[in-house]
Amino acid sequence: MTVQGTHPPYTKEDFVSGQDVRWCPGCGDYAILSVMQRTLAQFDTPPENHAFISGIGCSSRFPYYMKTYGFHTIHGRAPAIATGLKCVRPELTVWVITGDGDGLSIGGNHLIHAMRRNVDLKIILVNNRIYGLTKGQYSPTSEQGKITKSSPQGTIDYPINPLCIAIAAEATFIARTVDTDPRHMGQVLARAMQHKGVAFVEIFQNCIIFNKDTFLPIVGRETRDDRIIYLEDGKPLLFGAQKNKAIRLNGLRTEIVDIAGVKNPNELLIHRENDPLPNYAYLLTHMEYPEMPVPFGVFRCIQKPTYDQMLNDQVKTAIEKKGAGSLKDMIYTEDVWTVEAK
Amino acid sequence: MAVKHLEKELESVTIRFAGDSGDGMQLTGDQFTDTSALMGNDIATLPDFPAEIRAPQGTLPGVSSFQIQFSHNEIYTAGDAPDVLVVMNPAALKVNLNDLAKGGLLVLNIDSFTEKNLKKAGWKSNPLTDSTLKDYSLLQVPFSSLTKNALVDAKIKATEVDRCKNFFALGLMFWIYGRTPDHTIKWIRDKFGKKPEIAEANILAVEAGYNYGDITETIADRYVIKKADIQPGVYRKITGNEATAIGIIAAAQLAQKEVLYGSYPITPASNILHELSKRKNFRIKTFQAEDEIAACGAALGASFGGHIGVTATSGPGICLKSEMINLAVMAELPLVILNVQRGGPSTGLPTKTEQSDLLQALFGRNGDSPVAVIAASTPSNCFDYILEAIRIALKYMCPVFFLSDGYIANGSEPWKLPEIEKLPKINVIHPQTAEGPFLPYVRDEETLARPWAVPGTQGLQHRIGGIEKANRTGAVSYDAENHQKMTFLRREKIQRIANDIPDAEVLGEKKGGLLVLGWGGTYGSITAAVTELQKEGKKVSACHLHYINPFPKNLGSLLKNFETILIPELNTGQLILLIRGEFEGVHTVGLNKIKGQPFKIAEIKEKIKEELHDGTRYPSALY
């Protein structure tokens with residue numbers, strides 16, 4: 001994963017801005033920040049060639065703590081601003097840091113369009129299923145029936161699944177990881193960084209104040225072996241402490257099978273990141289707790305020309321075809337006439 | 001056998017072409033305009049069309065019109081009332097007849113005056129046979145059947161034949177007013193190059209119309225309108241939106257920078273997007289966003305990246321962009337926001353003109369949020385003022401509003417072309433190094449602008465955002481004293497632009513009883529009204545503002561030299577509020593029209609006369 005460079009290798013400190021980090025003690029964002037800083041240090045890209053663009057929310061404070069270029073913008077709009085930046089500075093690695101409220105509620109439209117255009121952005125959606133910064137209202141990913149300050153009788157909203165949105169928008173890289181597994185998170189972030197095209201990463205994050213342990217039934221030490229599938233390209237979707245369970249298709253539905261009872265290994269579903277159709281990845285996103293184990297890792301990774309590249313190519317092509325634009329020719333067209341002095 | 005026609009010389013003529021939305025009236029008017037411009041007349045145009053692309057055929061809401069004044073003299077507007085009205089159907093007659101000057105020439109396509117069409121247009125009896133048209137000079141021409149006869153051999157469908165009738169009408173008008181059809185014929189060849197049979201049919205129609213003038217005995221006179229007596233120079237015809245697009249590209253070249261133009265389709269601003277997207281060889285990047293917010297966001301992101309971020313819309317779009325504009329205020333990044341104003345509020349009158357977004361530009365955001373506001377006043381000076389907007393945004397690191405409106409955006413006039421070499425360069429400096437830690441909110445002593453360090457520059461990494469910034473360091477700050485200081489610094493920065501803009505000028509005496517103060521697209525009507533009255537010996541002066549925030553430095557003293565300031569606006573009184581708030585003791589009077597149409601010269605003249613106490617009070621036709 002590490003990229004060899006000619007300069008002395010970067011360290012985590014090269015990416016630490018030195019501003020006091022002000023998240024609640026125990027917040028999952030600390031782990032995400034630390035893993036991000038360590039992951040970027042593995043690459044050849046110097047800190048000044050990274051830009052972190054965020055919206056509003058707890059996680060959107062992220063750019064202040066990175067010793068890179070950063071823009072803490074407004075609620076939900078980070079993908080739009082990042083798109084503009086990437087279009088004019090394609091050589092930069094542009095990150096979008098967003099949350100479940102920022103990215104999926106107020107900014108849902110921008111998120112969808114950044115993904116469907118395949119702008120070469122690395123979008124990190126920190127999902128804690130709650131509004132933290134506004135002190136505990138339900139979010140678009142909150143489970144139905146959740147009791148919060150703004151839903152004392154329980155929410156009546158059906159939740160949205162972030163990865164389903166990413167697939168519907170046909171993002172070219174889609175992954176999921178969790179704040180409590182730094183090793184896995186580091187691998188996923190590195191893959192996202194290396195992907196040419198839009199990379200969408202959902203990180204399950206624990207809001208210790210307003211939604212403590214929301215993902216614990218999935219990611220808790222005691223249960224995670226049975227409730228998480230770590231996706232590996234080209235391999236069956238194994239899980240369980242002994243890796244003794246797998247997934248198979250029954251019509252258009254996924255079902256759990258015990259490997260011991262499987263006579264023909266071809267029955268097992270094999271993970272294919274690069275399937276050009278989104279159908280398979282969509283099935284994976286619908287594997288949800290408690291009915292099914294929850295997939296972690298890279299759901300989808302395909303190649304498609306990026307928006308920023310194509311936009312810059314159009315400029316290049318126009319110049320090749322018409323020549324670099326001349327102000328004089330543009331203003332003095334053939335339809336001019338002259339009024340002579342008397 | 002040609003008929004002998006008398007040739008009469010006229011100073012200026014105003015023609016209005018009116019027909020169904022599908023009759024090609026905008027195109028007809030455009031062609032007449034192009035030819036008149038090329039023949040050296042001064043021109044001004046007023047296109048007027050419905051928001052619906054195709055309202056039901058033959059109905060009143062479907063009527064589209066195009067008015068042009070062409071003249072031997074310098075003119076400022078497309079004319080108050082047409083001298084000549086060309087109507088393609090009864091609905092167009094119904095909608096436009098009241099505007100035609102008594103004794104004016106009415107040219108009718110009598111083929112379309114069928115019982116069915118008359119009924120659709122709401123005529124209870126046939127105006128051709130009753131006394132409705134007795135005050136006008138009539139020229140009844142069967143455009144449809146003459147076109148059909150002319151195209152009897154054309155290899156196109158019957159429906160396509162009928163669509164050529166506007167070219168027949170155009171050809172006839174060319175003949176009556178002594179214009180050559182050559183330019184239009186060439187244009188048709190270029191436009192329909194891939195469909196030669198359509199091109200030939202349209203050319204035949206133009207020629208047939210032209211020849212009809214020559215042979216018919218129903219037309220007594222032909223007219224000559226000599227070349228205009230205007231400033232020497234090289235000219236071309238231009239609309240406001242075209243001039244704006246060209247100006248954006250020119251500014252980028254003068255600043256040696258590239259532009260990202262973020263836009264979401266909206267009338268009447270979309271033409272600028274169309275113009276720019278054709279010109280990618282000028283290194284301009286156009287981004288058609290998912291919404292107005294993203295259009296503005298992408299422009300701001302581009303500015304953060306060291307490019308010129310420009311976004312354009314009309315009033316309702318500004319509502320959506322206002323949060324992003326405020327971020328630009330806080331982040332102190334250059335951002336140029338174009339508002340081609342239209343009738344509001346809400347969706348309002350999408351294709352009609354108004355000036356009612358001035359206060360929105362100045363104040364339509366949360367917090368104390370100062371931005372610079374500049375307004376163009378004619379189609380051609382959109383070029384000059386978009387250059388200014390971009391220059392100021394880059395120099396002062398701030399958002400700048402450029403206000404235009406539906407009238408000047410779509411209207412056209414001759415543009416005296418600038419000498420490219422004499423256009424002033426725009427100097428932009430991006431810091432490359434810093435001694436010690438880079439401080440993004442340290443300010444230039446003269447302009448108060450902060451440094452524009454571009455991502456990718458080694459050692460200058462910094463973070464900005466919408467939370468209040470500590471002066472100098474740019475760190476997040478909730479400190480009370482700092483917030484007060486930063487609020488005043490942002491204001492002071494905009495105010496200092498006043499040191500960098502020209503003084504306001506007075507047309508006429510610099511002291512006296514009455515000054516007419518205008519801004520934006522009312523320039524033509526105000527200037528024509530005041531000039532005409534001055535020639536009649538009336539004591540009235542005029543001043544037109546292009547810089548509205550900040551005002552020119554001399555404006556206060558200039559206004560105090562007059563007893564009364566008359567402020568005509570296409571809104572309920574917005575500039576007047578600013579003037580009253582800014583300059584104590586100035587006596588102001590408003591003239592306000594909110595009808596989706598520009599001022600008529602006569603309306604302003606009447607009001608001036610009323611204020612001069614020598615006219616009768618103007619009837620309350622206006623608000």
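Let us start at Pro290(A), which sits in the loop that runs between helix H9 (279-285) and strand S12 (294-301) of chain A. The peptide bond leading into this proline from Tyr289(A) is cis, with omega near 5 degrees. Keep in mind as you look around that this is a predicted model. Chain B offers a companion case: Gly344(B) and Pro345(B) are joined by a cis peptide bond with an omega of about 0 degrees. Pro345(B) also belongs to a loop, here the one between strand S13 (335-341) and helix H13 (358-363) of chain B.

Staying with backbone geometry, chain A has further spots worth a look. Glu170(A) is not a glycine, yet its phi is positive, at about 55 degrees. You will find Glu170(A) in the loop between helix H5 (162-168) and strand S7 (173-178) of chain A. Its relative accessible area is 33%, so Glu170(A) is partly exposed. Lys243(A) is another residue other than glycine with a positive phi, near 50 degrees. Lys243(A) is placed in the loop between strand S9 (228-230) and strand S10 (245-250) of chain A, and it counts as partly exposed because its relative accessibility is 43%.

Now turn to Ser59(A), in the loop between strand S1 (50-54) and strand S2 (69-72) of chain A. Is this loop residue buried or exposed? Ser59(A) counts as buried, because its relative accessibility is 8% and the cut-off for buried is under 20%. Beyond its neighbours within four places in sequence, Ser59(A) is in contact with Trp23(A), Asp29(A), Ile97(A), Thr98(A), Gly99(A) and Val126(A).

Stepping back, chain A as a whole has 11 helices and 13 strands. Along the principal axes, its C-alpha atoms fill a box of roughly 100 × 50 × 50 Å. Chain A has 342 residues, and 56% of them count as buried. Among its contacts with a separation of 6 or more, 66% are between residues 24 or more positions apart. The accessible surface of chain A is about 15,100 Å², and carbon and sulfur atoms account for 52% of that.

Chain B can be read through its domains. The assignment gives domain 1 (6-224), domain 2 (236-422) and domain 3 (512-611). Between domain 1 and domain 2 of chain B, the C-alpha centres are 34 Å apart. The contact draws 17 residues from domain 1 and 10 residues from domain 2 of chain B.

That pair of domains leads to the largest pocket. Where does the largest pocket lie? Domain 1 (6-224) and domain 2 (236-422) of chain B both give residues to its lining, so the pocket lies between them. It holds about 1,800 Å³ of space. Its lining has 45 residues, and those nearest the centre are Asp30(B), Thr239(B), Glu242(B), Asn271(B) and Glu275(B). Several elements of chain B supply at least two lining residues each, including helix H1 (25-38), strand S4 (63-71), strand S9 (233-239) and helix H9 (240-254). H1(B) makes the largest contribution, with 7 residues. By class, the lining is made up of 15 nonpolar, 14 polar and 16 charged residues.

The second largest pocket has a volume of about 1,300 Å³. It is lined by 47 residues, with Ser377(B), Thr378(B), Ser380(B), Asn381(B) and Tyr523(B) nearest its centre. Among the elements of chain B that each give at least two residues to this lining are strand S3 (42-48), helix H14 (381-396) and helix H17 (523-535). S16(B) gives the largest share, 5 residues. The classes here are 26 nonpolar, 13 polar and 8 charged residues.

Finally, look for enclosed spaces. Searching the whole structure turns up 3 cavities of 30 Å³ or more. The largest cavity has a volume of about 100 Å³. Of the 13 residues that line it, Leu46(B), Pro47(B), Thr351(B), Lys352(B) and Thr353(B) lie nearest the centre. S3 and H15 of chain B each contribute at least two residues to this lining, which divides into 5 nonpolar, 6 polar and 2 charged residues. The second largest cavity holds about 50 Å³, and its lining includes Val329(B), Glu332(B), Met397(B) and Arg490(B). Helix H16 (residues 480-495) of chain B gives the most to that lining, 3 residues. The lining has 6 nonpolar residues, no polar ones and 3 charged ones.

Definitions and conventions: Residues are numbered from 1 along each chain as its sequence is written. Chains are lettered from A and ligands numbered from 1 in the order in which they are written. This is a predicted model: local features need pLDDT of at least 70, side-chain atom pairs count only at pLDDT 80 or more; totals for chains, interfaces and linings use all residues. Side-chain values use heavy atoms; hydrogens and water are left out. On a 1 Å grid over the protein atoms alone, a cavity is a set of points where a 1.4 Å probe fits but cannot get out, and a pocket is an open set with protein on both sides within 12 Å along at least five of seven lines; lining residues have an atom within 4 Å of a point. Grid points are joined across faces, edges and corners, and a volume is the space filled by probe spheres set on the points. Helices (H or I, at least four residues) and strands (E, at least two) are DSSP runs, numbered from the N terminus. Ala, Val, Leu, Ile, Met, Phe, Trp, Tyr, Cys and Pro count as nonpolar, Asp, Glu, Lys and Arg as charged, and the others, Gly among them, as polar. Domain bounds come from an automatic or database domain assignment. Buried means under 20% relative accessible area, exposed over 50%, partly exposed in between (1.4 Å probe, protein chains only). Contact means heavy atoms within 4.5 Å. Accessible areas come from the Shrake-Rupley method with a 1.4 Å probe; for residues, only the protein chains shown count as cover.
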